[in-house]
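Trainee: I would like a close look at a single part of this model, the nonpolar core. Please set it in the context of the whole chain and follow it outwards from there.

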Amino acid sequence: MEDATSRHFFHHGQDGNEDEKENCHWCQLRSFPTHKTAPITVVNEIDSQTLPQNFRFINGVVLGAGVTAADLSFRSGCTCGQDEDCQYSGCLCLADLDQDEASDDADDDHRGLDSATRASLSPARKKAYAYHMHGNKAGLLRSKLHTSKLPLYECHQGCACSPDCPNRVVERGRTVPLQIFRTPDRGWGVRTQESIKKGQFVDRYLGEVITSAEADRRRDASVVYHRKDVYLFALDKFTDPQSLDARLKGPPLEVDGEFMSGPTRFINHSCDPNMRIFARVGDHADKHIHDLALFAIKDIQKGEELTFDYVDGASGDSEELEGKIEDMTKCLCGSSKCFALRPGSHVKAD
């Protein structure tokens, strides 16, 4: 770490070192718009390892070869006249939600109404968005969604609502300062520099969005096949062979965060994690490249390591694992709920 720091402070921009500033992790992190309010820091008190030199910090996904966003002519947003209208199912951004997903949480505008009156309300006035709006839970993911597989639909820059719309939690970005640190036995990890509430948005998993064929090629080219899967996440939430949208028929695109990503790339696996990944949709025309948003599913204390389950939902039952031991790897998460063996590799070798 000292060598890297010396290069950073004493050789930046000098003749023969012009490229170093562009490739410098510190400069990349300082370029983030959230640097002053929620900085990312890097520490190593274990050994002399530095972050991979071939890794670059990015603040948004990069579309790889063969991957394109929707044409402007297909884009649309809600026309809500007031921000508070974006919490109801009449908002166009929430149009893809089923009516039974609308919320009757006690903190909404229907507080105190009896069940018959609630049932008589217009579907367009049923609260449907994913977040609490009032009190000390404002902006937090609703409790019923903490274990849900449902996608999150948000307003976005193409909408008529303001940037302060309560349904733009992920779009507004990370607000939590994070620290990448060296662990004794699991490579790099990430811990929070302030307390995080259960249901709070933490950050997105970023990387290069690539085709399924390119993802398979990179797996085959990896020295350890399953190690590559640690960094690859399929954007398959809306994959449907019967879809009228050719981009959603599959196979799905994948996000590769190994060589370019944000701080979440260094988050370790746990069989008893304190975060989960949710599919988040902004403009509906770009469902094929939806966000991977990490939310806290427990209260997390300042200084605590952040974790999520790399294979969220996969079972560790012996019957399912039978005959697949050769595809498993020892898990080092240390949780009392650890399955011991899990698919793929959960120890990043950085």
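Mentor: Among contacts in the protein chain between residues at least 6 apart in sequence, 70% join residues at least 24 apart. The model is a predicted one. The chain has 350 residues, 49% of which count as buried, and its secondary structure comprises seven helices and 17 strands.

The largest nonpolar core holds 34 residues, and the members that touch the most others are F57, I180, F266, M275 and L306. Four strands each supply at least two of its residues: β1 (40–43), β5 (178–182), β6 (188–192) and β14 (291–296). The greatest contribution comes from β14, which gives three residues.

M275 shows what such a position looks like in detail. Leaving out residues up to four places away in sequence, M275 touches V202, I267 and D309, as well as the run L294, F295, A296 and I297, and also I300, L306, T307 and F308. L306, in that list, is itself one of the members with the most core contacts.

Two of the contributing strands, β1 and β5, are also partners: they run parallel and are joined by four bridges. One residue pair across them is V43 with F181 of β5. The two faces of β1 differ in cover, with I40 and V42 on the covered face and T41 and V43 on the uncovered one. In a regular strand, side chains alternate between the two faces of the sheet.

F57, another of the core members with the most contacts, also leads to strand β11 (residues 260–261), where S261 is placed. Neighbours within four places in sequence aside, S261 is in contact with F55, R56, F57 and I58, and with Y205, L206 and G207. S261 counts as buried because its relative accessibility is 0%, under the 20% cut-off.

There is also a second, separate core, of 28 residues, which includes C86, C91, L145 and F238. F238 appears again in the lining of a cavity, the second largest. A search of the whole structure finds four cavities of 30 Å³ or more, and the second largest has a volume of about 60 Å³. Besides F238, its lining consists of L235, T239, R247, L248, G250, P251, P252, L253, K287 and H288. By class, the lining divides into six nonpolar, three polar and two charged residues.

Methods
Residues numbered from 1 in each chain as written. Predicted model: local features only at pLDDT ≥ 70, side-chain atom pairs only at ≥ 80, totals over all residues. Heavy atoms only, no water. Core = buried A, V, L, I, M, F, W, Y, C linked by side-chain atoms within 4.5 Å. Buried < 20%, exposed > 50% of the residue type's maximum accessible area, 1.4 Å probe, protein only. Contact = heavy atoms within 4.5 Å. Pairing = 2+ DSSP bridges. 1 Å grid on protein atoms, 1.4 Å probe; cavity = no way out; pocket = protein on both sides within 12 Å on 5 of 7 lines; lining within 4 Å. Points joined across faces, edges and corners; volume = space filled by probe spheres on them. Nonpolar A, V, L, I, M, F, W, Y, C, P; charged D, E, K, R; others polar.
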